[in-house]
Amino acid sequence: MGLQAFASQFQNYFASAQSGRDLVQLSRAVAAPSHGFARQDLTRRLDQAAKRVLFVVDGIGADLAEQWALVPSADERVRGQSIFPTATGSAVPSLLSGLYPATHGLLGWHCYVPEYQAIYAGLPWKAKRPANTDEVVPVVEPAKYYGKPPTVNRFDALVVPAEIQNSIISQIFQPQAAVLGYDQDDSFVDAVEQALHEASNQTIYVYFSDYDHLAHGFGPFSPEAKQSIDRFNRIYAALRPSMAAHRAAAVITADHGHLETQFEDWIDVESLMGEAIIGLHWGEPRMAFVRAPKTRHFAERVFEATKGRVFAATRTQLLQWQVFGPAPQHEGLIDRMGDFALLGSGAICIDDRRAHRPVQLKGMHGGASEIERDIPMLFEFFK
Ligand SMILES: [Zn+2]
């Protein structure tokens with residue numbers, strides 16, 4: 001596959017924006033059905049419900065959701081698409097805010113703070129530095145990076161794992177929402193029921209993270225990962241009577257799918273090029289941003305050194321292809337991108353060996369393949 005074919009994969013990425021079946025449009029329709037969704041009959045039924053609950057099952061792709069019967073009681077099953085990069089650090093902000101990454105400005109797990117030339121992990125807000133060094137990274141307050149992003153959506157309550165109850169992402173994108181944390185299955189059911197009981201809560205966002213963790217560690221198709229989907233199904237089934245009592249509409253979706261990766265898929269572009277020219281990466285292993293190396297013909301050299309397994313796209317190309325979604329553009333967008341993004345073809349992941357020892361995750365996401373992109377959109381309407 002040449003760069004052109006790779007580019008067309010990206011260009012097709014937002015074809016779904018016209019059909020209205022991406023997660024931004026879904027979350028907008030749940031937050032306020034007047035925003036509409038691809039299917040008018042579904043929009044109408046969302047509008048008629050007394051409450052609307054958006055369940056986000058982190059990492060479960062459309063195919064596995066079918067194969068493993070995620071929420072077998074669903075009335076409607078639609079195949080939808082995530083945003084790009086297909087990663088939690090970008091997709092959860094999109095689900096919460098109702099904005100594309102181009103607008104909310106979060107382009108993957110690791111964020112580049114141009115004013116300080118520092119890289120921070122977006123969710124735990126932790127500095128990234130080269131391994132085995134004491135290199136000092138400037139201290140950056142997260143508020144400095146996030147600013148005051150605009151938000152289209154309004155969720156009245158968020159139900160999330162207790163360990164991320166104080167997550168900066170929720171505070172930034174849904175500052176007025178009540179946040180309920182849960183630990184075990186019982187407290188998960190209790191927390192959602194508590195959110196449903198509060199009369200003023202019309203829109204509720206529920207986040208379940210287990211599948212993604214297990215899919216990374218054991219593989220997307222592993223029995224360990226499947227068990228977490230069975231667990232979600234049990235919790236969901238236990239909630240159905242309360243959702244019926246509150247005449248709720250349930251929408252079940254995911255932030256992205258999962259790609260199975262082998263050890264050989266993790267490659268260190270810099271060592272293949274034989275030169276220390278790239279530096280630390282940010283973004284995602286499937287879409288790693290790097291600063292401009294002084295070397296000429298960088299893209300061609302990356303292509304040659306990796307035997308065509310990695311493409312280096314310039315930020316101009318990425319913007320032209322609108323991979324992060326349509327305008328309006330976040331004011332910091334261009335500076336937050338590298339001069340190049342290293343994009344892995346197939347299941348290739350870019351290993352940042354300056355920052356850590358080689359990793360072998362058995363499941364990965366962040367790229368533009370169908371399996372990472374396509375997500376379930378399931379609807380159950382309670383009368
Ligand atoms: Zn993940």
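The following exercises, with worked solutions, treat the sheet, the core and the domains of a predicted model.

Residues are numbered from 1 along each chain as its sequence is written. Because the model is predicted, local features need pLDDT of at least 70 and side-chain atom pairs count only at pLDDT 80 or more, while totals for chains, interfaces and linings use all residues.

**Exercise 1.** Determine the strand order of the open sheet of 7 strands and identify its edge strands.

*Solution.* Strands (E, at least two residues) and helices (H or I, at least four) are DSSP runs, numbered from the N terminus. Two strands pair if DSSP finds at least two bridges between them.
- Step 1: the order is E2-E18-E9-E1-E8-E6-E7, and the pairing is mixed.
- Step 2: strand E2 (76–81) and strand E7 (178–182) each pair on one side only, and are the edge strands.

**Exercise 2.** Describe how E9 is paired and whether its faces are buried or exposed.

*Solution.* A residue is buried if 20 or more other C-beta atoms, placed from the backbone, lie within 10 Å of its own, exposed if 12 or fewer, and partly exposed in between.
- Step 1: E1 and E9 run parallel, joined by 6 bridges, with Phe55 opposite Ile252.
- Step 2: strand E18 (residues 374–381) pairs with E9 in the antiparallel sense over 5 bridges; here Ile252 stands opposite Leu378.
- Step 3: one side of E9 carries Ala248, Ala250 and Ile252, the other Ala249, Val251 and Thr253, and all are buried.

**Exercise 3.** Locate the largest nonpolar core relative to the domains.

*Solution.* Such a core is a set of buried Ala, Val, Leu, Ile, Met, Phe, Trp, Tyr and Cys residues joined through C-beta atoms within 7 Å.
- Step 1: of its 113 residues, Phe55, Val57, Val159, Val206, Val251, Ala341 and Leu342 touch the most other members.
- Step 2: the core lies between domain 1 (3–12 + 261–364) and domain 2 (21–259 + 369–381), because both give residues to it. The bounds come from an automatic or database domain assignment.
- Step 3: beyond its neighbours within four places in sequence, Val206 is in contact (C-beta atoms, placed from the backbone, within 7 Å) with Val53, Leu54, Phe55, Val56, Val159 and Val192.

**Exercise 4.** Characterise the contact between domain 1 and domain 2.

*Solution.*
- Step 1: the domain centres, taken over C-alpha atoms, are separated by 25 Å.
- Step 2: 29 residues from domain 1 and 29 residues from domain 2 take part in the contact.
- Step 3: on the side of domain 1 that touches domain 2, at least two residues each come from strand E12 (282–284), strand E13 (287–290), helix H16 (333–336) and strand E17 (363–364).

Notes
Contact = placed C-beta atoms within 7 Å.
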